[in-house]
Amino acid sequence: MPNLRLQSVSIKLGRDIVVHEVSAELAPGRLYIMVGPNGAGKTTLLKAMTSLISLQSGMISYNGLDLALQRPGVRAEHIAYLPQERSIAWDLSCVDVAALGAQHLEPELARQKAFAELQSLGLQEVADRGVFKLSGGQRARVLLARVMASPADVLLLDEPLIALDPAWQRQVLIRLKQRAEAGQTVILSLHDLHLAAQFADTVLLMDKGRLVKMDVPEKIFVPSLLSEVFNLKGELIAGEGQKTLRLESLPLL
Ligand SMILES: Nc1ncnc2c1ncn2[C@@H]1O[C@H](COP(=O)(O)OP(=O)(O)OP(=O)(O)O)[C@@H](O)[C@H]1O
């Protein structure tokens, strides 16, 4: 059963329609990865799923209710969001920042939950340190911990791997996959097609504001779509439980 449904969603920013007639049904238990070139509309669509921007036409519903009509507090209860900008305005401790994701709990329990999420992201040693005294990748993990501390059943993450080293990129995707397997609906955008091919249950391929195709990685990372959307030559090789995306660049126009 989908809990998030996009029905013919179009979004206008400034004078342009930047998302065109996107329809999709997103269900708990799956890891959805949105891919597409710069400017394809990924961030805009994720923001629309939080109701941070309004639609030109169409509807996004959560468990059958029009999301735009829900109070912000109700939306925040059900949908957690990691924006692409990783800014933190105040020099709070890591645990205080992560605890902002667990405001449904009593303060002490929220801190315990926050600490557990920081620990699972390798930040236990710096949990009490101010976030201004962290590296960019550590700060990015603190913001991820904030989202992970949330009880929301939909997690939306815009480029969650920005600033992370290769080992943490994989670890974070493993954690998000576990969250999906445990019943959350996890939707993220990603530029790394290799990781998208390996981890996604379902890929949403966006281009020029349109949802070109939504399917399993094997049906998305095919030579025709890689060439048409990304100007890349390549294909997905699947075998022995492994998926490997082989890519080579086409000459740029
Ligand atoms: N505030 C805005 N006003 C007008 N146009 C905007 C605004 N924000 C984004 N756009 C345009 O909307 C389109 C989609 O942008 P969006 O940020 O959703 O793309 P994206 O797929 O997330 O790109 P990237 O991979 O570069 O982050 C782009 O053409 C962009 O220039």
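Ser 61 stands opposite Asp 66 in β5. Ser 61 belongs to the pairing of β4 (residues 57-62) with β5, two antiparallel strands joined by two bridges. Before going on, a word on what we are looking at. This is a predicted model, in which local features need pLDDT of at least 70, side-chain atom pairs count only at pLDDT 80 or more, and totals for chains, interfaces and linings use all residues. Residue numbers start from 1 along each chain as its sequence is written.

Some terms. Helices (H or I, at least four residues) and strands (E, at least two) are DSSP runs, numbered from the N terminus. Two strands pair if DSSP finds at least two bridges between them.

Back to β4 and β5. They are part of an open sheet of four strands, in the order β2-β1-β4-β5, with antiparallel pairing. Its edge strands, β2 (16-26) and β5 (65-66), each pair on one side only. Helix α1 (residues 42-49) packs on this sheet and touches β1 (4-13), β2 and β4. Contact here means C-beta atoms, placed from the backbone, within 7 Å. The direction of α1 makes about 120° with that of β1; axes are lines fitted to C-alpha atoms, for helices over the stretch in contact, and angles run from 0 to 180 degrees between N-to-C directions.

In the loop between β4 and β5 sits Asn 63. Its phi is near 45°, a positive value in a residue other than glycine. Is Asn 63 buried or exposed? Neither fully: Asn 63 is partly exposed, with 13 other C-beta atoms within 10 Å. The cut-offs are 20 or more such atoms for buried, 12 or fewer for exposed, and partly exposed in between.

Now the second sheet. Six strands form an open sheet in the order β6-β7-β8-β3-β9-β10, and the pairing is mixed. β6 (79-82) and β10 (210-215) are at the edges with a single partner strand each, so one side of each has no neighbour in the sheet. On average, neighbouring strands of this sheet are turned by 15° against each other, direction ignored.

I will go through the pairs. β6 and β7 run parallel and are joined by four bridges; Leu 82 has Leu 157 in β7 as its bridge partner. β7 and β8 pair in the parallel sense over five bridges, and there Leu 156 is partnered with Ile 187 in β8. β3 and β8 are also parallel, with four bridges, Met 34 being paired with Ser 189 in β8. Finally, β3 (residues 31-35) and β9 (residues 202-207) pair in the parallel sense over four bridges, with Ile 33 opposite Val 203.

On burial, take β8 (185-189). Five of its five residues are buried, so β8 is largely enclosed by the rest of the structure. Thr 185, Ile 187 and Ser 189 point one way, Val 186 and Leu 188 the other. That fits the usual pattern, since side chains in a regular strand alternate between the two faces of the sheet. The edge strand β6 is covered on both faces too: Ile 79 and Tyr 81 on one side, and Ala 80 and Leu 82 on the other, are all buried.

What does α1 lie across in this sheet? It lies across β3, β7, β8 and β9, running at about 150° to β7. So far, then, α1 has come up with both sheets.

Thr 44 lies in α1. With 21 C-beta neighbours inside 10 Å, Thr 44 counts as buried. Leaving aside neighbours within four places in sequence, Thr 44 is in contact with Ile 11, Leu 13, Val 18, Val 19 and Ile 53. The C-alpha atoms of Thr 44 and Gly 209 are separated by 9.0 Å, although the two are 165 residues apart along the chain.

Thr 44 also belongs to the residues around the ligand, which include Leu 13, Val 18, Asn 38, Lys 42 and Thr 43; the criterion is a C-beta atom, placed from the backbone, within 6 Å. The largest share of this shell, three residues, comes from α1.

Last, the core. The largest nonpolar core has 75 residues, and Ile 33, Ala 98, Ala 114 and Ala 145 touch the most other members. Such a core is a set of buried Ala, Val, Leu, Ile, Met, Phe, Trp, Tyr and Cys residues joined through C-beta atoms within 7 Å. Helix α5 (residues 136-148) gives the largest share of it, seven residues.

Terms used. Two residues are in contact if their C-beta atoms, placed from the backbone, lie within 7 Å.
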